[in-house]
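Q: I should like a close look at a single part of this structure. Please choose one residue, describe its surroundings, and then relate them to the chain as a whole.

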Amino acid sequence: MTEQSFIHYLETTLGILEIRADEIGITAIGFVAKPEYANNGNQHTALAVTQLSEYLAGTRTHFTLSLNLKGTKFQQQVWAQLLKIPFGQTCSYKDIAEKINNPKAVRAVGAANGRNPITIIVPCHRVIGSNGKLTGYAWGTSIKSTLLSLESNLEP
């Protein structure tokens with residue numbers, strides 16, 4: 001039996017978000033240049049559209065979505081830690097490595113962070129360099145900076 005896949009696009013001031021889900025939950029969210037498919041959403045994509053719209057409008061500080069993250073065991077550990085970063089706060093790759101009891105894995109944490117399939121919801125944008133500077137972001141440091149600014153202007 002093949003897994004049913006659902007997709008919905010959300011136009012935002014940052015660009016077009018492609019939201020993908022299966023019957024279990026959200027499997028991927030990322031920016032795209034233009035929609036490639038027709039909207040074929042389900043309850044998970046519909047809820048994600050609502051919650052992402054609220055977040056970007058500055059009225060939501062916490063997501064309550066079912067996620068179905070697919071990755072290696074190490075990536076899953078890193079992504080689980082990303083989900084624990086409080087709204088409006090940042091941490092470093094080193095902090096994440098220490099929290100997963102693998103303090104020498106700073107670079108691997110950075111690689112796993114870069115492979116996060118569910119942007120914004122799994123807040124990889126909240127990870128910065130140990131020196132406090134913005135580091136790379138799959139969607140560009142301009143979007144990362146905008147997301148961090150949005151969060152710093154809201155109360156959790």
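A: Leaving out residues up to four places away in sequence, Ile 120 touches Leu 17, Phe 31, Leu 52, Tyr 55, Phe 63, His 125, Tyr 137 and Leu 147; a contact means heavy atoms within 4.5 Å. The model is a predicted one, in which local features need pLDDT of at least 70 and side-chain atom pairs count only at pLDDT 80 or more, while totals for chains, interfaces and linings use all residues. Residues are numbered from 1 along each chain as its sequence is written, and side-chain values use heavy atoms, with hydrogens and water left out.

Ile 120 is located in the loop between helix 4 (106-114) and strand 5 (127-128). Helices (H or I, at least four residues) and strands (E, at least two) are DSSP runs, numbered from the N terminus. With a relative accessibility of 1%, Ile 120 counts as buried. The word buried stands for under 20% relative accessible area, exposed for over 50%, and partly exposed for what lies in between (1.4 Å probe, protein chains only). The backbone of Ile 120 also deserves attention: its phi is positive, about 70°, although the residue is not a glycine. Most residues other than glycine have a negative phi. Along the chain, Ile 120 and Ile 29 are 91 residues apart, yet their C-alpha atoms are separated by 8.0 Å.

One of the residues that Ile 120 touches is Phe 31, which belongs to strand 3 (residues 26-32). Phe 31 is buried as well, with a relative accessible area of 11%. Apart from neighbours within four places in sequence, Phe 31 is in contact with Thr 12, Leu 14, Gly 15, Ile 16, Leu 17, Thr 119, Ile 120, Trp 139 and Ile 143. Leu 17 therefore appears in the list for Ile 120 and in the list for Phe 31. The C-alpha atoms of Phe 31 and Tyr 9 are separated by 9.4 Å, and these two residues are 22 positions apart along the chain.

Tyr 55 and Phe 63 are also among the residues that Ile 120 touches, and they lead to the aromatic rings. A search of the whole structure finds 2 aromatic pairs. Rings of Phe, Tyr and Trp (its six-membered ring) pair if their centres lie within 6.5 Å; planes under 30 degrees apart count as stacked, over 60 as edge-to-face and the rest as tilted. The ring centres of Tyr 55 and Phe 63 are 5.4 Å apart and the planes stand at 45°, so this pair is tilted. Both Tyr 55 and Phe 63 are buried. Tyr 55 also forms an edge-to-face pair with Phe 87, with 6.4 Å from centre to centre and 90° between the planes. Because Tyr 55 lies in helix 1 (residues 43-56) and Phe 87 in the loop between helix 2 (73-82) and strand 4 (91-92), the pair ties together parts that are 32 residues apart in sequence. Phe 87 is buried, as is Tyr 55. Ring pairs thus link Tyr 55, Phe 63 and Phe 87 into a cluster.

Two further residues may be set beside Ile 120. Asn 101 lies in the loop between helix 3 (93-99) and helix 4, and it has a positive phi, near 55°, in a residue other than glycine. Asn 101 is exposed, with a relative accessible area of 71%, whereas Ile 120 is buried. Gln 77, in helix 2, is partly exposed at 35% relative accessible area. From C-alpha to C-alpha, Gln 77 and Ala 112 are 9.2 Å apart in space, and 35 residues apart in sequence.

The whole chain provides the setting for these details. It contains 5 helices and 5 strands, arranged along the sequence in the pattern β-β-β-α-α-β-α-α-β-α. Of the 156 residues of the chain, 44% count as buried. Among the contacts in the chain with a separation of 6 or more, 53% are between residues 24 or more positions apart. Taken along the principal axes, the C-alpha atoms fill a box of roughly 45 × 40 × 25 Å.
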